[in-house]
Amino acid sequence: QRHRPLYLVSTMSTPPSMQFTFNNRRMSSNSRRERSVVSAPNSISSSSNRSKVFSTDAKHDGFQDDFAPPLSWRDDAEVSLSDWTIEAKTDNETRTYHVHRAILGAGSRKCQYFTSLFQSLCLLEHEKKTSCIDFASTEELDELEILLDFSYSGKFIPGENAVMARYLAFYFQNMEFMNMVNQFISRDLTPKRAPWYLLEATKYSDDRLIQSATSLCAQELRQVSDKDLQTLPVDLFQCILQSTELQCGSRVLSLKVHTYISQRPSSPTQEEATSRLLYDLTKDDIMPELDGVAARGFL
């Protein structure tokens with residue numbers, strides 16, 4: 001009986017002659033890889049030479065060499081591929097804005113108001129892809145356009161009413177726009193402008209801005225003109241004078257109060273409010289001393 005070779009009996013072993021062959025193949029494959037590495041610079045230089053023959057500039061394929069302007073809500077709706085509409089209404093006017101969900105809802109200067117709206121597919125607005133929003137005045141529509149411009153381009157051009165812009169930033173939840181408006185207000189909030197900011201902030205119930213404007217008026221009351229103080233109603237004027245941050249001598253304070261009261265319009269309601277104001281502000285802890293002119297006026 002003939003015996004089988006050992007290398008055929010064991011499935012895990014390899015005959016010496018085959019091992020030698022495999023080793024030669026490995027060596028030859030390694031040497032080929034080494035040769036390919038050495039020849040790589042030649043292939044790179046040849047590809048760069050080919051790039052000179054085939055230009056990558058798209059204008060050679062018939063494309064125009066001009067760039068499209070940045071996307072804007074002011075563009076034609078069909079040209080800009082607008083996919084949402086905002087109808088902004090007041091009692092006397094309606095303005096239509098053709099906007100883009102990717103900008104207002106997912107852009108780098110997005111409004112969280114629109115992000116939530118676009119993600120809530122169950123809302124009725126999605127049927128017509130239109131949002132109808134009511135505004136109190138035409139000035140608010142103007143500020144809305146400033147907000148839209150900022151969301152698209154990032155450029156902030158302060159409008160006539162920064163307090164209104166701050167209100168819209170809060171309403172539409174645009175944090176980046178709010179930061180820009182706050183930076184403008186921090187520069188513009190001066191003693192001369194503080195009464196105006198106090199009055200406007202009261203209209204929009206902006207407690208933080210009310211506090212800041214009241215504090216500035218109280219700290220710099222000497223620099224606030226009597227004409228600007230006249231624009232404030234009695235309750236706001238009284239808040240300034242009763243502020244814990246008030247920095248004004250008693251005699252100067254009495255003159256401020258006298259000037260304010262003497263120039264108020266005369267009516268039963270105003271006279272009653274003025275009488276209460278005078279009683280509260282001439283107490284010893286607030287106004288221990290009176291200027292002569294003010295004292296005669298109070299009589």
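**A tour from the hairpin outward**

Begin by selecting strands E1 and E2, which form a hairpin with four residues between them; strands (E, at least two residues) and helices (H or I, at least four) are DSSP runs, numbered from the N terminus. What you see is a predicted model, in which local features need pLDDT of at least 70 and side-chain atom pairs count only at pLDDT 80 or more, while totals for chains, interfaces and linings use all residues. Residues are numbered from 1 along each chain as its sequence is written, and side-chain values use heavy atoms, with hydrogens and water left out.

Now colour residues 84–89, which are strand E1, and follow how E1 pairs with E2 in the antiparallel sense over six bridges, where pairing requires that DSSP finds at least two bridges between two strands. Select Ala-88 next, and its bridge partner in E2 appears as Arg-95.

Show the side chains of E2, residues 94–99, and you will find that they alternate: Arg-95, Tyr-97 and Val-99 point to one face and are buried, whereas Thr-94, Thr-96 and His-98 point to the other face and are not buried. Here buried means under 20% relative accessible area, exposed over 50%, and partly exposed in between (1.4 Å probe, protein chains only).

Move on to two cysteines: Cys-132 is exposed, with a relative accessible area of 52%, whereas Cys-217 is buried, with a relative accessible area of 0%.

Finally, display the whole protein chain, which has 16 helices and three strands, and in which buried residues make up 34% of the 299 residues.
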